[in-house]
Amino acid sequence: MASNPAAAPVLFDRVLLGARLARAAREGAVTFLLDRAAEDLADRLLAVSRRFAAATDLWTPGAGLGEAVRGRAASIERVAFDPSEALALPAGTLDLVVSALALQFVNDLPGVLAQIRRVLKPDGLLLAAMLGGDTLTELRQSFAAAEAECEGGVSPRVAPFADLRDIGALLQRAGFALPVTDVDRVVVRYDSAFALMADLRRMGATNALRERRRSPTRRATMLRMAELYRERFADPDGRIRATFDIIWLSGWAPHESQQQPLRPGSAKASLEAAVKRAKRE
């Protein structure tokens, strides 16, 4: 059978990712990023002047977003993590889809966004947070430098993250109206790179790339990574910084009641005239 050249690349081992998330839950998950995202999501929903009927929380780890949505939706169902990335939901049945810190680990983000668009009713809302941008850039750089120095090569360590511009374009491509994206940069300080990695383990966010290195990392490489991290990204008190960029994305299923862009040539005043008037004033 011929391969499909248009198929999305399979970056993540989602079966392994599911096992990592389950392990984190058993060991006591670290939730400060999830807690921040849930609080922010509740604030963002308050700015929407409507109450939703049927809502779904898509793949959010941990306890989910039920509390954040409480009072804004008549009911909310939770869709548990699914390695297949398929949404077994009827088309046009949901008023609201929310998700926090899950979409960064899908292999086919355009496909998932298209599925979400399909299950929303007209004028239904997607509101989600995902890691992106410069998330864990310090760890990525430190590992790459240590491996190049100690082992003569670099292996995939930190997942590639989409940037703000990419996400906005994908929302438009999936057919969402009024797409909006913004970023909340969170800088967390740790005693060492190993403390950061312990937190990542308890977030279920350790390396789940399909092309990850399968053999154990050499002790010398790990120690050199931690040393380089401290040399490059430590504050004066010796504690290191770790960046997490939480990208927020929202979009509406199209509806005739929504604000529409003006037709080309329909403006009643020209930009040139406005600029000239401002100069005279």
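A salt bridge, as the term is used here, is a side-chain nitrogen of Lys or Arg within 4 Å of a carboxyl oxygen of Asp or Glu. This tour concerns a predicted model, in which local features need pLDDT of at least 70 and side-chain atom pairs count only at pLDDT 80 or more, while totals for chains, interfaces and linings use all residues. Residues are numbered from 1 along each chain as its sequence is written, and side-chain values use heavy atoms, with hydrogens and water left out.

**The whole chain**

Begin by displaying the protein chain as a cartoon: nine helices and six strands appear. Helices (H or I, at least four residues) and strands (E, at least two) are DSSP runs, numbered from the N terminus. Of the 281 residues, 42% count as buried; buried means under 20% relative accessible area, exposed over 50%, and partly exposed in between (1.4 Å probe, protein chains only). The chain exposes about 15100 Å², of which carbon and sulfur atoms supply 54%; accessible areas come from the Shrake-Rupley method with a 1.4 Å probe, and for residues only the protein chains shown count as cover. Among contacts (heavy atoms within 4.5 Å) between residues at least 6 apart in sequence, 80% join residues at least 24 apart.

**Stop 1: Arg 23**

Select Arg 23, which lies in helix H1 (residues 14-27). Which side chain of opposite charge is nearest to Arg 23? It is Glu 27, 4.4 Å away, and Arg 23 is buried yet has no salt bridge. For charges, Lys and Arg count as positive and Asp and Glu as negative; His and the chain ends are not counted. Leaving aside neighbours within four places in sequence, Arg 23 is in contact with Arg 201 and Thr 206.

**Stop 2: the nonpolar cores**

Next, select Leu 41, Leu 139, Leu 196, Tyr 229 and Phe 244, the residues with the most contacts inside the largest nonpolar core, which has 55 residues. A nonpolar core is a set of buried Ala, Val, Leu, Ile, Met, Phe, Trp, Tyr and Cys residues joined through side-chain atoms within 4.5 Å. Centre the view on Phe 244: apart from residues up to four places away in sequence, its contacts include Leu 33, Leu 131, Asp 184, Leu 196 and Leu 200. A second, separate core of 25 residues includes Val 97, Ile 116, Leu 126 and Ala 253.

**Stop 3: helix H6**

Move to helix H6 (residues 164-173), whose buried residues are Ile 167, Gly 168, Leu 170 and Leu 171. These four lie on the same side of H6 because they cover an arc of only 160 degrees around the axis; the arc is that of the directions from the helix axis to the C-beta atoms. On the face turned away from the buried side, select the exposed residues Arg 165, Gln 172 and Arg 173. The cover over the buried residues of H6 includes helix H4 (109-119), strand E4 (120-132), strand E5 (177-190) and strand E6 (240-252).

**Stop 4: helix H7**

In H7, select Ala 193, Leu 196, Asp 199 and Leu 200, which are buried. They cover an arc of only 120 degrees around the axis, which puts them on the same side of H7. Among the elements covering them are H2, helix H5 (137-151) and H8. After H7 comes Gly 204, whose phi is positive, near 75 degrees.

**Stop 5: helix H2**

Ala 38 lies in helix H2. Measure in the viewer from Ala 38 to Val 69: these residues are 31 apart in sequence and 8.8 Å apart in space, C-alpha to C-alpha. Not counting residues up to four places away in sequence, Ala 38 touches Leu 65 and Ala 68.

**Stop 6: salt bridges**

The count of salt bridges comes to 18. Select Asp 13 and Arg 212, which form one with the closest N and O atoms 3.8 Å apart. This pair links distant parts of the chain, 199 residues apart: Asp 13 is in the segment before H1, and Arg 212 is in the loop between helix H7 (193-202) and helix H8 (219-233). Asp 13 is partly exposed, with a relative accessible area of 24%, whereas Arg 212 counts as buried at 15%.

Arg 36 and Asp 184 meet in a salt bridge at 2.7 Å, N to O. Here helix H2 (residues 32-46) holds Arg 36 and strand E5 holds Asp 184, 148 residues apart. How exposed is Arg 36? Arg 36 is partly exposed, with a relative accessible area of 38%, while Asp 184 is buried at 16%.

Then select Arg 70 and Glu 67, whose side chains meet at 2.6 Å, N to O; both are exposed. Finish at Glu 149, Arg 224, Glu 227 and Glu 231, which are linked in a network of salt bridges.
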